[in-house]
Amino acid sequence: MTTERALYSASEAARALGISLDTLRRWDRSGRIRTERDAANRRLVRASEVERLRGKADDELSARNRFRGVVRSVEVDVTEPARVVAIITREAVEELDLKAGVGAAAIVKSTSVMVER
């Protein structure tokens, strides 16, 4: 998604973030997402806010669970309150040029964990 449009409806923003409309409403109430209200009191979300919550945009993957972190040996200490361990091939490590101390992301989809850099 690009930031061509300034504002999105709540349902459009939820779809762009890969969350339910109910989750977006909860995030709004808890302050996790910043919304505005239109004249009819409907939630509107700025495109910049959607991009902030999406982090690195990657339209090639449909995975919704993404944890940014730093490679520590073969484990990724994520910045979220979790620890993700992935078993990947040597070829994948070489292709991604993974080394201790570099940034990476663990992407959780179903029962698989993929690593991106």
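Which residues does V45 touch, not counting residues up to four places away in sequence? Keep that question in mind while you set up the view, since the tour comes back to V45 once its surroundings have been introduced.

**Before you start**

What you have open is a predicted model, in which local features need pLDDT of at least 70 and side-chain atom pairs count only at pLDDT 80 or more, while totals for chains, interfaces and linings use all residues. Residues are numbered from 1 along each chain as its sequence is written, and side-chain values use heavy atoms, with hydrogens and water left out.

**The whole chain**

Begin with the protein chain in cartoon view, where the secondary structure comes to four helices and eight strands; helices (H or I, at least four residues) and strands (E, at least two) are DSSP runs, numbered from the N terminus. If you follow the sequence along, the pattern reads β-α-α-β-β-α-β-β-β-α-β-β. Of the 117 residues, 31% count as buried, where buried means under 20% relative accessible area, exposed means over 50%, and partly exposed lies in between (1.4 Å probe, protein chains only).

**Helix 1 and helix 2**

Select residues 10–17, which are helix 1, together with residues 21–30, which are helix 2: their axes come within 9 Å and cross at roughly 100°. Axes here are lines fitted to C-alpha atoms, for helices over the stretch in contact, and angles run from 0 to 180 degrees between N-to-C directions. Helix 1 and helix 2 are therefore roughly perpendicular to each other, a label given to angles of 65 to 115 degrees, whereas those under 35 count as roughly parallel, those over 145 as roughly antiparallel and the rest as oblique.

Now show the side chains where the two helices meet: A10, S11, A13, A14 and L17 of helix 1 make the contact with L21, L24 and W27 of helix 2, contact meaning heavy atoms within 4.5 Å. By class, this contact has seven nonpolar residues, one polar residue and no charged residues; Ala, Val, Leu, Ile, Met, Phe, Trp, Tyr, Cys and Pro count as nonpolar, Asp, Glu, Lys and Arg as charged, and the others, Gly among them, as polar.

Stay with helix 1 and colour its buried residues, A10, A13, A14, A16 and L17. They cover an arc of only 160° around the axis, which puts them on the same side of helix 1; the arc is that of the directions from the helix axis to the C-beta atoms. Among the elements that cover these buried residues are strand 1 (7–9), helix 2, strand 3 and helix 3. Just after helix 1 comes G18, whose phi is positive, near 75°.

Turn next to helix 2, where T23, L24, W27 and D28 are buried. Seen down the axis of helix 2, these buried residues fall within an arc of 140°, so they line one face of the helix. They pack against helix 1, strand 2 (36–37), strand 3 (43–46) and helix 3 (47–54), while on the other side of helix 2 you will find R29 and S30 exposed. Helix 2 is followed by G31, and the phi of G31 is positive, near 90°.

Zoom in on D28, which counts as buried at 17% relative accessibility. Leaving aside its neighbours within four places in sequence, D28 is in contact with I33, T35, R37 and R43.

**The core, and back to V45**

Select A13, L17, I19, L24, I33, V45 and V50, which are the residues with the most contacts inside the largest nonpolar core, a core of 13 residues. A nonpolar core is a set of buried Ala, Val, Leu, Ile, Met, Phe, Trp, Tyr and Cys residues joined through side-chain atoms within 4.5 Å. Helix 1, helix 2 and helix 3 each supply at least two residues of this core, and helix 1 gives the most, with five residues.

Centre the view on V45 to settle the opening question: leaving out residues up to four places away in sequence, V45 touches A6, L7, Y8, A13, L24, I33, R34, T35 and V50. Apart from this core lies another, of five residues, among them L98, V102, A104 and V115.

**Two stops on helix 3**

Finish with A47, found in helix 3, which counts as buried at 3% relative accessibility, and with R52 in the same helix, which is partly exposed, with a relative accessible area of 41%. Not counting residues up to four places away in sequence, R52 touches R32, I33 and R34.
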